[in-house]
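Here are some friendly notes to read alongside the structure. Please take the points one at a time, with the model open beside you.

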Amino acid sequence: MTTIDRNREFAGKTVLVTGAGKGIGHATVHLLIERGARVIALSRSAADLDALKQETGCETVAVDLADAHAAREAARSVQPVDLLVNNAGLAELQPFLETTVESFDVTMNVNLRAAMIVAQECAKSMIARGVGGSIVNVSSLSANVGFALHAAYCASKGGLDAMTRVMATELGPHGIRTNAVLPTVTMTPMGERAWSDPAKSGPMLARIPLDRFVQPVEVARTIAYLLSDDSSMVNGVSLLVDGGFQAC
Ligand code: NAP
């Protein structure tokens with residue numbers, strides 16, 4: 001049996017993490033660097049990336065993933081990468097009847113289309129090099145549950161899970177595994193914006209058997225598991241990080 005040295009678990013691996021400036025992406029960069037990876041952190045705000053570079057020594061790329069052309073160019077420019085975390089996402093809360101076309105489009109473009117574009121560039125490079133790889137799409141419990149005010153967001157995450165399964169099917173024969181993680185409310189800037197009202201968060205918390213929301217590092221550890229050889233036969237799953245919300 002092989003013993004894994006966690007400090008060197010990702011030694012020799014280059015990982016691209018999108019949405020790395022804050023929250024789950026930020027925690028993931030820290031964790032992967034602690035475990036020996038070379039990390040390329042891609043995000044929108046340059047100031048966040050500068051701070052992350054200072055903290056961890058990661059490399060950085062500033063780009064707005066809502067721009068399809070810029071997203072493709074940025075993803076192409078950082079190859080070759082061995083592992084990808086498609087984490088960038090946004091949530092604009094609107095009642096279904098008032099959800100605007102503009103909000104729907106930007107949500108789809110960042111949460112779903114950009115994940116496709118970035119993964120296409122990474123997977124093409126992996127296939128050309130014949131190396132295999134692992135891709136983790138950061139989805140959400142919202143892929144499975146219809147939370148009020150989250151029409152565009154839920155649709156984008158449902159789409160991301162569906163695309164994850166197609167990627168697992170088509171990329172699997174090339175030795176590339178693709179999986180999704182589905183956190184419940186996570187204590188990040190996004191989570192705090194959406195769930196800071198106790199009237200809203202109370203009933204949500206009451207449905208979580210572990211009786212708390214998720215910390216970003218707990219999602220990062222799940223992502224690391226799916227990136228690593230520990231999950232070498234796991235492909236096409238949507239892995240809940242929800243404290244048991246969907247079990248009951
Ligand atoms: P966050 O705190 O808002 O951080 C999101 C990161 O993504 C930020 O660094 C942000 O950069 C970046 N980003 C957003 N739009 C971008 C764009 N157009 N181009 C490039 N980068 C962009 O969010 P989070 O809570 O960490 O969420 C990370 C992922 O987890 C998302 O996919 C989200 O849907 C998912 N998730 C979150 C929760 C939760 O409760 N927090 C639960 C389930 C799933 P800027 O700040 O510069 O825009």
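## Notes on packing and cores

1. Let us begin with a pair of helices: helix 1 passes helix 8 in a right-handed crossing. Please keep in mind throughout that this is a predicted model. Helix 8 covers residues 216–227, and the two axes lie 8 Å apart at an angle of about 55°. Because an angle counts as roughly parallel only under 35 degrees and as roughly perpendicular from 65 to 115, helix 1 is oblique to helix 8.

2. Which residues make this contact between helix 1 and helix 8? Helix 1 brings Gly23, Ile24, Ala27, Thr28, Leu31 and Leu32. From helix 8 come Pro216, Val217, Val219, Ala220, Arg221, Ile223, Ala224 and Leu227. Sorted by class, the contact of helix 1 with helix 8 holds eleven nonpolar, two polar and one charged residues.

3. Just after helix 1 (23–34), have a look at Arg35, which sits in the loop leading to strand 2. Is Arg35 buried or exposed? Its relative accessibility is 14%, so Arg35 counts as buried, the cut-off being under 20%. Beyond its neighbours within four places in sequence, Arg35 is in contact with Arg6, Asn7, Arg8, Glu9, Phe10, Ala11, Arg221 and Ala224. Arg221 and Ala224 also belong to the helix 8 side of the contact with helix 1.

4. Now for another pair. Helix 4 (residues 101–129) and helix 5 (residues 151–171) have axes that come within 8 Å and cross at roughly 15°. With that angle, helix 4 is roughly parallel to helix 5. Their crossing is right-handed.

5. Helix 4 enters this contact through Phe104, Thr107, Met108, Asn111, Leu112, Ala115, Met116, Ala119, Ala123 and Ile127. Helix 5 answers with Ala152, Tyr153, Ala155, Ser156, Lys157, Gly159, Leu160, Met163, Met167 and Leu171. The residues of the contact of helix 4 with helix 5 divide into 15 nonpolar, four polar and one charged.

6. Two alanines from this contact deserve a look. Ala115, in helix 4, is buried, with a relative accessible area of 5%. Setting aside residues up to four places away in sequence, Ala115 touches Asn86, Val110, Leu160 and Met163. On the helix 5 side, Ala152 is buried, with a relative accessible area of 5%. Leaving out neighbours within four places in sequence, Ala152 is in contact with Thr99, Phe104, Thr107 and Met108.

7. For a sense of distance, Ala115 and Asp211 are 96 residues apart in sequence and 31 Å apart in space, C-alpha to C-alpha. Ala152 and Glu73 are 79 residues apart in sequence and 26 Å apart in space, again C-alpha to C-alpha.

8. How many residues does the largest nonpolar core have? The count is 29, and those with the most contacts inside this core are Leu16, Leu42, Leu65, Leu84, Val118, Cys122 and Ile135. Strand 2 (38–43), helix 3 (68–77), helix 4 and helix 5 are the elements that give it two or more residues. Helix 4 supplies the largest share of this core, ten residues.

9. Ile135 makes a good place to end the tour. Not counting residues up to four places away in sequence, Ile135 touches Leu84, Asn86, Ala119, Met167, Leu171, Ile176, Arg177, Thr178 and Asn179. Apart from the largest core lies another core, of 28 residues, including Ala37, Leu49, Cys58 and Val214.

Terms used: Residues are numbered from 1 along each chain as its sequence is written. This is a predicted model: local features need pLDDT of at least 70, side-chain atom pairs count only at pLDDT 80 or more; totals for chains, interfaces and linings use all residues. Side-chain values use heavy atoms; hydrogens and water are left out. Axes are lines fitted to C-alpha atoms, for helices over the stretch in contact, and angles run from 0 to 180 degrees between N-to-C directions. Helices (H or I, at least four residues) and strands (E, at least two) are DSSP runs, numbered from the N terminus. Angles under 35 degrees count as roughly parallel, over 145 as roughly antiparallel, 65 to 115 as roughly perpendicular and the rest as oblique. A crossing is left-handed if the near helix is turned anticlockwise from the far one by less than a right angle, and right-handed if clockwise. Contact means heavy atoms within 4.5 Å. Ala, Val, Leu, Ile, Met, Phe, Trp, Tyr, Cys and Pro count as nonpolar, Asp, Glu, Lys and Arg as charged, and the others, Gly among them, as polar. A nonpolar core is a set of buried Ala, Val, Leu, Ile, Met, Phe, Trp, Tyr and Cys residues joined through side-chain atoms within 4.5 Å. Buried means under 20% relative accessible area, exposed over 50%, partly exposed in between (1.4 Å probe, protein chains only).
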